[in-house]
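Colleague: I am new to this structure and would like a close look at one part of it. Could you walk me slowly through the strands that pair into sheets, and through what surrounds them?

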Amino acid sequence: MMEIKRKMGIAHFARRIKQPRGIWVKMAFIVVLGLCFVFFWSFLSSYASSFNVQRESFDDIAEPVSSRTKPARNEVTESSKSHERSKVESGSKSKEGRHVGGSVHKHETKKKKEHVVVSHPHKKKDLPKPVVVVEEEAVVKEVQEQVEAETEDSESNKEDGEDGTESDGNEGESDQNGDESSASVDEEVEEKKEEVEISKKRKRKGPVFDPKAEYSWRLCNTRSKHNYMPCIDNDGLIGRLQSYRHRERSCPKKPVMCLVPLPHDGYDPPVPWPESKSKILYKNVAHPKLAAYIKKHNWVNESGEYLTFPQNKTAFSGNVLQYLEFIQEMVPDIEWGKNVRIVLDIGCSESSFVAALLDKDVLTVSLGLKDDLVDLAQVALERGFPTFVSALASRRLPFPSGVFDIIHCSACRVHWHSHGGRLLLEMNRILRPNGYFILSSNNEKIEDDEAMTALTASICWNILAHKTEEASEMGVRIYQKPESNDIYELRRRKNPPLCKENENPDAAWYVPMKTCLYEIPSAIEQHGAEWPEEWPKRLETYPEWLTSKEKAVGDTDHWKAMVNKSYLTGLGIDWLHIRNVMDMTAIYGGFAASLVNQSVWVMNVVPVHSPDTLPFIYERGLIGIYHDWCEPFGTYPRSYDLLHADHLFSRLKNRCKQPASIVVEMDRLTRPGGWVVVRDKVEILEPLEEILRSLHWEIRMTYAQDKEGMLCAQKTLWRP
């Protein structure tokens, strides 16, 4: 009976549709069908998306298995075995923690999508438990292979050292891998998914350079042209908006395999030191807006083919020597060249301050804040002054904590109080306890002055002096960072708060700035607890917190002998034309220390995957920086006269997507006529020599003994 009624109802509905007014019924019917379709589709989609959300919410599946991670209940047998093997390796490695001053130092490695730094097996990470069992098994196998490859690399690194001067990474200094994040959860998930894909493609064991590769070079076609800095100049879609260009470090998705062209009018050998302090070749630093800048400032003049720099002239009126004397009169403890050795100059607006301090045995690092106005950092490098280029925005500067004796800012146009004071808190991080922050300006705004006063009071900086220098009419304020934590407890308002105890103040590679105060080191086994010895005694002083003193002494003695016996006389290098030097794999700064009596300065680069020895390098009165050589360095093309790479490529084995791009970067960094000295395994030097020949470098010397060798090459003016 019910079936008959249903059929009659359907027939009645059909007749109604055929009637003229049935058009509304038809539309209603279509709407009902559409709603039903949407309902069922959304139901199915929500089920699928819930699976995706569950899958994407896990941590980086490319990370090594933690020794405390328990296997999922639904794991297959092979996955469990792989996990157990990883646990054994992780447990054995974790017992051999790397320390500097008794504390473990780790660097942040979470960064761009295309770059992966594989963590060491002793790092404490939790392996996720994916829903798909087969996929988890594959990932665990992949992780196991990466752990084994990294273990082999660490063992090979131990063998790479000469005379026992190199750390094997399991004792002494810490590994520089942080555990902090700067991106949102969604962005981090996407980055980690791509990191897994990249790590799968990179699981290769074999030679660093492909012996069958053939290289065909071309010039880079970028907006910056002959001044191209790959990770500083953002030539992507966002970079086309002027306000976003150079805002933060952002490297190209693919390794840079093009060559930076020479300046439009060519390039001539730079003026040798010390003459370069007073003049440089204009065409070597040519920039569209530099001519307009020169007309407005008296500290730099155009004289024929040269740019000249009148002695003691500054960007402000007055004499730079009077300015330095004025500072020391206000604070007598600032003994230039004795109590104060290492200075960071913010802004690089002019170089007279750096030049004057050099005469007082003070080593000043200039931070060039890259913009599209004038490339003054390049001018400083051409003059022979230590300079690097970086953004000062949201990420930490690539320095350890508590290493600069003085931080100087003269009309640097930095709003220190903005964004919760994070920029000044970053200065507080890298400033040595009891160190000085000098702020000079001649056009202070009342609002900025009040905000700065409130901020410095909140972080317990003591203002030692606030006077106006008569000759320059510059208002100079000198602040001092506290030497103990007692004063932090006396604050009525704990804002900014103290940083968490598990946060590493030395983590600096792709780590966001923090709006908190790090506790001041107090234990003798912590670096920064005591002020270093006066210069030059500090160069040969080994602090109590250095856990590998014997290795540091051996490293220094080794490089003294090597430099005196072969580098200065046996390589054919004219050291009268060498000023800017980079040690691409500095350990304890022994190579730089051996050159301290030469007319050179050395940028000590401590790779982020190596033991963290940079605090000790600063402690002995030398300068340096953290860097990952899988990426381009933060400086202009043609910045250095000599690059020194001791077992760089063997340490980077299986880490970089395309190791040949490191050779391209070395070509970018080196001036025409500049030198590269590489010490490594013969199996690496042979293909490296072929790459350099394809770049038309002149191979000046090769030497090999017991599978180890040296290569010395000189760059030419050749461009494709």
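Modeller: What follows is a walk through one sheet, then a second one, and finally a few backbone details in the loops.

Please keep in mind throughout that this is a predicted model. A good place to begin is the open sheet of seven strands whose order is E7-E6-E5-E8-E9-E11-E10 and whose pairing is mixed. At its edges stand E7 and E10, each of which has a single partner strand, so one side of each is left without a neighbour in the sheet. Neighbouring strands of this sheet are turned against each other by 20° on average, if direction is ignored.

Within this sheet, strand E6, which covers residues 363–368, deserves a careful look, since six of its six residues are buried. Leu363, Val365 and Leu367 point one way from E6, while Thr364, Ser366 and Gly368 point the other way, and all of these residues are buried. On one side, E6 pairs with strand E5 (residues 342–346) in the parallel sense over five bridges, and in this pairing Ile346 stands opposite Leu367 of E6. To get from E5 to E6 the chain passes through helix H8, made of residues 352–358, and the resulting β-α-β crossover is right-handed. E6 also pairs with strand E7 (residues 387–389), again in the parallel sense, over three bridges. Here Leu367 appears once more, with Phe388 as its bridge partner in E7, so that you can follow a line in the model from Ile346 of E5 to Leu367 and on to Phe388 of E7.

Further along the sheet, strand E8 (residues 404–410) and strand E9 (residues 431–441) pair in the parallel sense over six bridges, and Ile407 stands opposite Phe437 of E9. Helix H7, which spans residues 320–330, packs on the sheet and touches E8, E9, E10 and strand E11 (474–480), with a direction that makes about 140° with that of E10. Another helix, H10 (residues 422–430), lies across E5, E8 and E9 and runs at about 135° to E9.

The second sheet can be read in the same manner. Seven strands form this open sheet in the order E15-E13-E12-E16-E17-E19-E18, and their pairing is mixed. Its edges are strand E15 (623–627) and strand E18 (698–705), each with a single partner strand, so one side of each is left without a neighbour in the sheet. The twist from one strand to the next averages 15°.

Strand E12 (residues 580–583) and strand E16 (residues 640–646) run parallel and are joined by three bridges, with Asp583 standing opposite His644 of E16. Helix H17, made of residues 660–669, packs on this sheet, where it touches E12, E16 and strand E17 (670–681), and its direction makes about 145° with that of E17. Strand E17 itself has ten of its twelve residues buried, so it is largely enclosed by the rest of the structure. E16 and E17 run parallel and are joined by six bridges, and Tyr640 stands opposite Thr670 of E17. With strand E19 (residues 708–714), by contrast, E17 pairs in the antiparallel sense over seven bridges, and the bridge partner of Lys681 in E19 is Glu708.

A few details of the backbone in the loops round off this picture. Most residues other than glycine have a negative phi, and most peptide bonds are trans. Against that background, Lys225, although not a glycine, has a positive phi of about 55°; this residue lies in the loop between H5 and E2 and is exposed, with a relative accessible area of 54%. Cys460 is not a glycine either and has a positive phi of about 65°, but Cys460 is found in the loop between helix H11 (446–458) and strand E10 (462–469) and is buried, with a relative accessible area of 10%.

There are also cis peptide bonds to look at. The bond from Trp273 to Pro274 is cis, with omega near 5°, and Pro274 lies in the loop between helix H5 (185–201) and strand E2 (279–281). The bond from Trp535 to Pro536 is cis as well, with omega near 10°, and Pro536 lies in the loop between helix H12 (486–489) and helix H13 (549–567).

How values were computed:
Residues numbered from 1 in each chain as written. Predicted model: local features only at pLDDT ≥ 70, side-chain atom pairs only at ≥ 80, totals over all residues. Heavy atoms only, no water. Buried < 20%, exposed > 50% of the residue type's maximum accessible area, 1.4 Å probe, protein only. Helix = DSSP H or I, 4+ residues; strand = E, 2+ residues; numbered from the N terminus. Pairing = 2+ DSSP bridges. Right-handed = clockwise from strand over helix to strand, strands pointing away. Axes fitted to C-alpha atoms, helices over the stretch in contact; angles between N-to-C directions. Contact = heavy atoms within 4.5 Å.
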